[in-house]
Amino acid sequence: MDVQKMPFEAVYQAFEEHMLLKNFALATRKTYLSNFRRYYQWTLESEVDKPYDQDVVRRYLLYRVRKGAKWQTMNSIYSAMRKLFREVLDLDWSLRKLPRPNKERHLPELISRQEVMLLIKTCRHLKHQAMIVTLYATGLRAGELSRLKLDHIDARRLQIRVVKGKGAKDRYVNVPEQLIVYLRQYYKAYRPVTYLFNGKRKGEPLSLSAMRWPLRQAKSELGWTKKISPHTLRHCYATHHLETGTDLVFLKQNMGHKHLKTTARYIHLCKDRYQHINHPIAEMIPHLMHRTMD
């Protein structure tokens with residue numbers, strides 16, 4: 001059958017099944033399928049004869065750019081359409097016709113260690129405090145914390161097991177003993193079931209919106225204008241660790257980064273890191289000066 005004449009529903013289903021077989025995360029599948037649906041709707045409105053054509057995709061990308069779409073959105077559309085063309089429809093995808101958008105480098109918002117403590121203390125409920133403490137003490141992503149089960153916490157080995165983190169990869173995160181002690185206090189007060197942090201009902205995971213709510217409340221009460229989210233605490237975890245001399249490779253493993261250069265980006269955010277540098281030559285120069293004077 002001619003690809004251009006395939007009904008939308010058939011292509012949509014083929015795309016969805018392909019990603020299921022490739023074990024793509026649910027969030028990724030939803031995003032890619034949404035991007036495809038929106039693209040196809042645009043081709044209908046634009047009365048395009050051949051929706052599965054590179055030149056048409058190029059026109060659509062230009063249309064979205066001119067409408068003010070951000071880099072992250074453009075990159076997501078690009079990834080979805082490239083996967084559809086190359087892996088599902090077995091069509092050509094030319095980098096000359098369709099260059100990938102350059103990544104924008106934005107420095108994330110950060111708060112100091114003192115501000116993290118203030119944020120925690122401003123939360124009135126122990127559960128909300130414990131949630132912020134855990135995010136900051138582990139560097140977990142919001143989705144990883146929401147899926148964190150009680151039996152993923154190994155108190156003896158001082159580790160937390162992250163199951164199906166980004167890229168559907170498992171990893172272990174090393175945590176301080178003080179966090180385990182603190183979480184025991186939280187557990188005795190709330191008795192969560194299955195998950196460390198329950199949602200409205202026991203045994204159900206906490207939603208991402210419920211995780212963001214106490215941060216918004218605390219920020220509002222403190223009168224802060226900075227953008228603060230669960231991911232802000234992940235950035236703070238990495239930056240504050242580096243400022244106190246934590247090994248870069250240790251951080252890479254704990255944060256689940258694929259490449260060391262991803263972790264190394266946090267070095268640029270460190271305020272105090274370079275205050276602790278000891279140059280080897282500094283100890284040699286006094287002796288050299290003494291010799292010269294002799």
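**Helix packing and a small sheet in a predicted model**

Ser 76 lies in helix H4, which covers residues 71–88. The model is a predicted one, and Ser 76 is a handy place to start looking around in it. With a relative accessibility of 18%, this serine counts as buried, because the cut-off for burial is under 20%. Leaving aside residues up to four places away in sequence, Ser 76 touches Thr 31, Tyr 32 and Asn 35. Those contacts fit into a wider pattern for the helix: the buried residues of H4 pack against helix H1 (8–21), helix H2 (26–45) and helix H3 (54–66). The list of buried positions in H4 includes Trp 71, Met 74, Asn 75, Ile 77, Tyr 78 and Phe 85, along with Ser 76 itself. As for its length, H4 has 18 residues and reaches 25 Å from its first C-alpha to its last, close to the 26 Å expected at 1.5 Å a residue. Just after the helix, Asp 90 takes a positive phi of about 55°.

Stepping back to the whole chain, there are 13 helices and three strands. Of the 294 residues, 39% are buried. Among contacts between residues at least 6 apart in sequence, 57% join residues at least 24 apart.

The three strands make up one open sheet, in the order E1-E2-E3 and with antiparallel pairing. Strand E1 (153–154) and strand E3 (171–174) are the edges, each pairing on one side only. E1 and E2 are antiparallel and joined by two bridges, with Ile 153 partnered by Ile 160 in E2. These two strands form a hairpin with four residues between them, and Leu 158 in the turn has a positive phi of about 55°.

On the other side of the sheet, four bridges join strand E2 (residues 159–162) to E3, again in an antiparallel arrangement. The partners can be read off along the pair: Gln 159 bridges to Asn 174 in E3, Ile 160 stands opposite Val 173, and Val 162 has Arg 171 as its partner. In a regular strand the side chains alternate between the two faces of the sheet. E3 shows this nicely: Arg 171 and Val 173 point to one face and are buried, while Tyr 172 and Asn 174 point to the other and are not.

Helix H8 (residues 177–190) comes next. At 1.5 Å a residue its 14 residues should span 20 Å, and the end C-alpha atoms are indeed 20 Å apart, which agrees. Its buried residues are Leu 179, Ile 180, Leu 183 and Tyr 186. These cover an arc of only 120° around the axis, so they sit on the same side of H8. That pattern is in keeping with helix geometry: an α-helix has 3.6 residues a turn, so residues three or four places apart point the same way. The face turned away from the buried side carries the exposed residues Glu 177, Gln 178, Lys 188 and Ala 189. What do the buried residues of H8 pack against? Their partners are helix H6 (126–138) and E1, so the helix is tied to the sheet through an edge strand. Just after H8, Arg 191 takes a positive phi of about 50°.H6 has a second partner in helix H5 (residues 113–122): the two helices pack at an angle of about 155°, with their axes 8 Å apart. That angle makes H5 roughly antiparallel to H6. On the H5 side the contact involves Arg 113, Val 116, Leu 119, Ile 120 and Lys 121, which meet Gln 129, Ile 132, Val 133 and Tyr 136 in H6.

Finally, there is Tyr 195, which is placed in the loop between H8 and helix H9 (208–222). Although it belongs to a loop, Tyr 195 counts as buried, because its relative accessibility is 16%. Tyr 195 touches a run of residues earlier in the chain, namely Ser 146, Arg 147, Leu 148, Lys 149 and Leu 150, and also Gly 203, Glu 204 and Pro 205, not counting residues up to four places away in sequence. Tyr 195 and Leu 206 are 11 residues apart in sequence, and their C-alpha atoms are 8.2 Å apart in space.

Conventions
Residues numbered from 1 in each chain as written. Predicted model: local features only at pLDDT ≥ 70, side-chain atom pairs only at ≥ 80, totals over all residues. Heavy atoms only, no water. Pairing = 2+ DSSP bridges. Expected span 1.5 Å × (residues − 1). Buried < 20%, exposed > 50% of the residue type's maximum accessible area, 1.4 Å probe, protein only. Arc of directions from axis to C-beta. Contact = heavy atoms within 4.5 Å. Axes fitted to C-alpha atoms, helices over the stretch in contact; angles between N-to-C directions. Parallel < 35°, antiparallel > 145°, perpendicular 65-115°, else oblique.
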